[in-house]
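I opened my notebook to look up two things: empty space inside the protein, and the pairing of strands. The entries follow.

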Amino acid sequence: MWISVVILIFLFQIQRFGTHKVGYSFAPILVLWFLLIGIIGIYNFLKYDPSVIKALNPWCIIQYFQRNKKEAWISLGGVVLCLTGSEALFADLGHFNIRSIQLSSSVVLVPSVLLAYFGQCSYLRKHNADFASAFYSSIPKALYWPQFVLAILAAIIASQSLISASFSIVQQSLALGCFPRVKIVHTSSKYEGQVYVPEINTLLMIACVLVTLGFKNTVQIGNAYGIAVTFVFVITSALLVLIMVMIWKTNIISIIFYILTIGSIELLFLSSTLYKFVDGGYLPLLFAFVVVSIMFIWNYGYRKKYMYELENKIGAEKLTDIISNTRIHRIEGLGLFYTQLVQGISPIFPRYVSSVQALHSVLVFVSIKFLHISKVPAEERFLFQREKPGELIFRCVVRYGYADSRKDQGAEFEQMLANQLRVFIQEDNSNNDMQREMALVDKALRDGVVYLMGEGEVMAANESSWFKKLIVDDLYNWLSRNVRQPDEVFLIPRKQLLKVGITYEV
């Protein structure tokens, strides 16, 4: 058991090197593994009982159910374990292209596994007593130890695809605002989906170690895995039906046929695995409940906060009033005000002005956006727009690709932004005082850059229900305090950062 724990820790520690590097290291082992199980399967099939080929006849499964009835249905929960792992291939579409998965499945995976099962069936026809250890018992003595070592390595590698898939799903959920802020490390400049998430990797490692120490046997782990896989099958088919109806516009007859065939079989397998719910099967559902709850809480609070900013954004007239207020002092320097909004002014801005009663000589509202491309050319990274004619107040959308380096968010970033701002001022046809504005931008950069950011707390309105107050006031705010903060995500220099507090009443 402790050997398993050590292997698990090792597996999670190598994730930081990236899917492609780990994959290149593991690929030869897997190729040898599939080759050997296929050869051993052919050997056993020819040596013991080639007549097991008759099992391909669909009538056999009907007879099996006629003979065994309820026990046959219960046994499907174990049969489904023969299919496990195949669903992880589709979750890894972000790590490998479609053709590579199609070829590996059709040419290597399916033939080798089928031959291995045929070989074990043939062996068991002559050695009924070895049913509990059919795989190892059917290996010829000369190949036993090499195959034993390969089996352990293959089991380790099989976990790799599920770990990588978890990273991809978290990345996509984060992009949709459905997951708390975590660090996403892109390990490949070619494939966007090849990512590493340190926080998730650590949590998965702890969970796997605890499950291994808690269950202590493969039966309960198998029951848990069976329920997880069959639910994946059913959910995937349900989503596929939606795609057929809404996107592909598939003929209704074909959709009904798919539901009655594939859908019915998957539901049959799911019902069988749920029979083992108490004996370890509850674990994946418990994990799923926790993760979905976290995603729901975060997305709910995230949307409420964003909608508050959108509904209370400041228009051009309000901005004019703020600028023309004689009580507001203009101070030297360049102020970079970070906001999610790309249109309109965040309600945090008037809160900042009323608190500090000062505006920088050059003010830029900055929105950071991450694009689904590898790299954004430096000359296309900054998109500027003048917020008010005649004033040095601008909006800037800063765009990054997933492979762009953002380590130097200090002096280098400030210089690049200032350079692109000068270019924008030169190209702005509405500008009649170009030289003066460019000189003011240069002076503001020399006087110093201050990063301004809102630090908001979301609170449910007084008339809200107790459930909404629990979700927003307690759970969402607790999550917000314990995940990466926006200034960490945007790599803002802390010595130049000024935060302004605001309460979002939703």
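Entry 1, the cavity. I began with α2, which gives the most to the lining of the largest cavity, with four residues. The model is a predicted one. I then looked up how many cavities of 30 Å³ or more the structure holds, and there is one. The space in the largest cavity comes to about 70 Å³. Two elements give two or more residues each to its lining: α2 (19–47) and α6 (98–126).

Entry 2, the lining. I listed the residues around the largest cavity: Ile37, Ile40, Gly41, Asn44, Ala116, Gly119, Gln120, Phe135, Ser138, Ile139 and Gln147. Which classes do the lining residues of the largest cavity fall into? I found five nonpolar residues, six polar ones and no charged ones. I noted that glycine is counted as polar here, so Gly41 and Gly119 in the lining go with the polar group.

Entry 3, the strands. I moved on to β7, which covers residues 449–459. In which sense does β7 pair with β3? Strand β3 (residues 329–338) and β7 run in the parallel sense, with five bridges between them. In this pairing I wrote down leucine 334, which stands opposite valine 449 in β7.

Entry 4, the next pairing. I looked up β7 again, this time with strand β8 (residues 497–505). These two strands also pair in the parallel sense, over nine bridges. Here I noted glutamate 455, which has glycine 501 in β8 opposite. My record for β7 therefore has pairings with β3 and with β8.

Conventions: Residues numbered from 1 in each chain as written. Predicted model: local features only at pLDDT ≥ 70, side-chain atom pairs only at ≥ 80, totals over all residues. Heavy atoms only, no water. 1 Å grid on protein atoms, 1.4 Å probe; cavity = no way out; pocket = protein on both sides within 12 Å on 5 of 7 lines; lining within 4 Å. Points joined across faces, edges and corners; volume = space filled by probe spheres on them.
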